[in-house]
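Q: Could you take me through the backbone of this model, looking closely at the loops and any unusual torsions in them? I would enjoy one connected account.

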Amino acid sequence: MGRHPDAKQMQNIENILKTRIQNNDANTFLIIVPTDSARLKRQRELVGYHPNRAVANLRVYTVGSFIQRLHNQIRPAKSYISQGIQNLWLHEIVNSQSDDPDAHPYDAFRPNLNISVPDSTLSVIVDKINHFKERGEAAENITANNPTQVDLERIYSHYETKLEGGWVDEQGKHLQLANSFEPAFLRSTFPRVNLVVVEGFTVLSIADTKLLTRIAEMPDIEMWFRTDYVPENRALYKNIGDLVSRFTDAKAIIDPDYERDPDRHKHFAENLFKTEPLTTTSVVNSKIKMLRPADRSEEVEQIASLIQKHVSQKHCKLSDICVTYYSVGSYHQRIAETFPAYGIPYLLIENVPLTKSEVVKSIFSRLSSDRTPLGDAYFSEVEPVASPTRMFHPNEFQGYVDDLLKKGEVVQRILNSMLKKSSEIVENEMEAYRLFKGIVTEFCNVLRSEGEGSYPLREYVDKLLRIARHTNYRNRASTKGEAVKIVQLGELRSMAFDTVFLGDFVEGRFPANYRPDPLLPETPYRTEEEQLHDDRFIFYRVLKSFRERLYLLTPKREREAELIPSPFLGQLKAIATVEEMEVPNPSQGSVTGFLSRYGDHVWTSPVSSDGEFPSEIAEMRPLINHVVKVEKSREKTHEHLAYEGILTAETLSTASQKRLENRRQCTYSVTELETYAKCPFQYFVNEVLRFSTKDEETEDELSGSEKGSLLHSVIFEFHNNRRNQSLPLIGQCDEEAFKDAETQLNALLNRKAEEQRNRRKEKLISENNLFWETDIDKLRVALRKWLTAERANDLSTMPRYFEVNFGQSNEPSDPELSCDKSICICGVQMKGKIDRIDIGIDIDSFNIIDYKTGGSTIRMRDILEGRSLQLPVYLQIAAKLLDEREEAQLDSAAGLYQKIRLDQCTVELGIGTKSQNGIVYENYNGTDWRSVNSRNGQLLDDAVFDALLVRVSGYVQQYVDSISNGTFPLITRVETFVNSETEGDTPITPRNKTEPCNYCRYQRVCRVGAISEVTPSDD
């Protein structure tokens, strides 16, 4: 059996270490700890034992770095693959592109047979394989009784076969060393070591436990296993007890009192979670307080207020304060908004994917010519990069990347004077840059090992992107000087602070809800009981981490859901006094936090508060009270249809009713009606209430609207000038005439850009502003590609009218076809502007064209359901305008989108007649003009095309009728209704009426989704 030291022996282990250090014999012992932070802390303690505070050959390792040292002794040596390569290999295994008909499809992991295994599912597979390895289980140990188990066993076997080519992953390295360990490995790596101290572990993998216990069994090695362990309290220490037993059997000396202060921690260690009668009475002065903030926003406000109080009253320093959560992720944004408002600097370190780094994003944007370069501060201008189809040998690709980074002066850009203002940015981005170069080297080494083949650049970039997504780097959010530490509970370990805040202390968050294993629920990596004991010990660590005060924060609700305090709170109250306290309203803080507290008061109290409001929102008090009253009314079924978006005569004044009714006579734009179709609430706020919103601060570069405006202006004047000068169509130009056209286009862009720059009223742009110049150069490239596309167009049509205004007098506009009068569509007066109309040459047909700078695509479903009205409405309006202008009556052929972007210019069909396909219009894919594929859903028979135009006219009338009747339902997909022979009179009900929006300036006041829609079976 192992040895348990008495108190005298216990004191001697530190004396032994101290004596050896003072005698310069630090190379005779090594210490293994769980984490890097524990390693640094332990190193500082040991260095302090030396009178000169300088120790040579001090050996303190994490278990990972220790195993790496020993693994180098294994022969034949294997090359290490990172987590990113591991994910890439498993992705290639489960989504094999092989032509082999016998290749296994792994259909158990596909949502349907025609798509790849989702990335989220692949991550679960990777985790499961790693868990198998930690437990020392091979693929043949998987019981294959169902398709999931069969596929998982095949994937695991295939992956292990791939590793046999001379590779080892992180978990495999631990397992291989545990199974192959020889005492000579330790002796050759650490020839003078005779004492091994394993400290602070409460959990170890089976492979690591096997290795360390084999070292403990070496006759010339003395091992100490030091942990916090009270065998009498099995309810708290069960998991650790199993670990202690293994080291006891290996003859290690057990130190069960490690990192436990007898005066402060004994009571908790002996009694926390204990079910049998307690051995001592409850701790009265426990220094633990509980707070019940209204919600998670107020929770962060209260923490900030208390930090401010303790620091200002000199109770403790900022560096002696820790805020901890079981999961920090959901609090990042709240902390970032609130702590600066209180003037509190903080340190938050998180592991994030490499693809989140701004430097790495910039590098990927430059790796091949089919990507859009970012105009940012991290890359100098470089020559055009290689085509995505260019073939590279791995050596060439690595040289290509190194050369690109060198020419781009990436390191110099990271370290330039602007970024030096924030050392954390420099540190974070340099770490990401270093890791990126590392994965390029590793990836190329892997490819070289598989043969001497060459691969297209696009394949390199796609695979490298996958590796980067699964490679993490440490990102620091901090300020200079002392700072409050924000840590995840799992990282708290041996840390100690004067003041500790444990947030989100509610049921379901801590302890976390147990989730069965998604792949093999019968054989989970952690059972529910094991997870509960792990979480119990984490909570015990919190009780060990504070010296003066501990605050437990249990928010009352999250939105409409009521939150329940953690069940651990009841266990704590059974052995210690927990004082409930309230934090007075802070004298300073964020407006968001104040509104949260005030809303909670109004919600819970029938009497309005007469407390002071922040001056910037003082006038909002009556409105806030009203809003909360309305919210409370939603808890019950009511007849207040106004709060569901339906304005009835009973809820409106006579004047308001008249205002709505008068909207029948208004002139509408397509954009207004499309807004109503997509979100009636947004239309109501925009057009009826006419709310004004403050846009985000204008930046140095072109905004999206400025790009669109500039592009339209340039193309209009370019075409208009050529028409007025009777110059040939671009498609009829010879080489010299085409170059002249390019020169004209560039000159126009320069002049129009300068005019636009001078029109800026806010955030004025200097003449040589780099961001502005970069954006203009990007537009120049996009316009050149557009001009090339126009030249390649040999259809029997010609661009005839440009920027055709109707119902408005915007400039610039086509002087020949534009009209100031609105155009009537199904009884509704319409206004707008058609970007371009092309007329058939010797063909009585026309197209309308809409310019776009974005990548979104309108599908036929959007038109059929009434969310996209533009092309059908503009085709009808163009026909009416042309009837008065052209000698012959022209038929509508198509509505097209010209997408003018940096990467390529394309022409896509929005809606068109089959009879004119390839005659009056074609698609353009960036290189070729081709007839539209017959399976394209936008391509219609002539009769169906005409019927669809009528259908959309019906939508126009329906929307205006609904608006004037006060119907603004709280949904994001309005029901549409058109009586037709083919569809009858059944309304078209959206599949999801409250589908979340991508962006809306009214998000904070939106009530979409607050009311019940339809049952799930109806969606």
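A: A residue counts as buried under 20% relative accessible area, as exposed over 50%, and as partly exposed in between. With that in hand, let us turn to K251, bearing in mind that this is a predicted model. The relative accessibility of K251 is 48%, so this residue is partly exposed. Its place is the loop that runs between helix 10 (234-249) and strand 7 (253-255). The backbone of K251 has a positive phi, near 70 degrees, although the residue is not a glycine.

R53 makes a good companion to this case. Here too phi is positive in a residue other than glycine, with a value near 55 degrees. R53 belongs to the loop between helix 2 (36-47) and strand 2 (60-62). Its relative accessible area is 55%, and therefore R53 is classed as exposed, given that exposed means over 50%.

Now for the peptide bonds, where omega is the torsion to check. Between R75 and P76 the bond is cis, and omega lies near 0 degrees. You will find P76 in the loop linking helix 3 (63-71) with strand 3 (79-80). Further along, F510 and P511 are also joined by a cis peptide bond, with omega about 0 degrees. P511 sits in a loop as well, between strand 15 (497-502) and helix 20 (528-545).

To pull the torsions together: phi is positive at R53 and at K251, while the cis bonds lead from R75 to P76 and from F510 to P511.

Technical notes. Residues numbered from 1 in each chain as written. Predicted model: local features only at pLDDT ≥ 70, side-chain atom pairs only at ≥ 80, totals over all residues. Heavy atoms only, no water. Helix = DSSP H or I, 4+ residues; strand = E, 2+ residues; numbered from the N terminus. Buried < 20%, exposed > 50% of the residue type's maximum accessible area, 1.4 Å probe, protein only.
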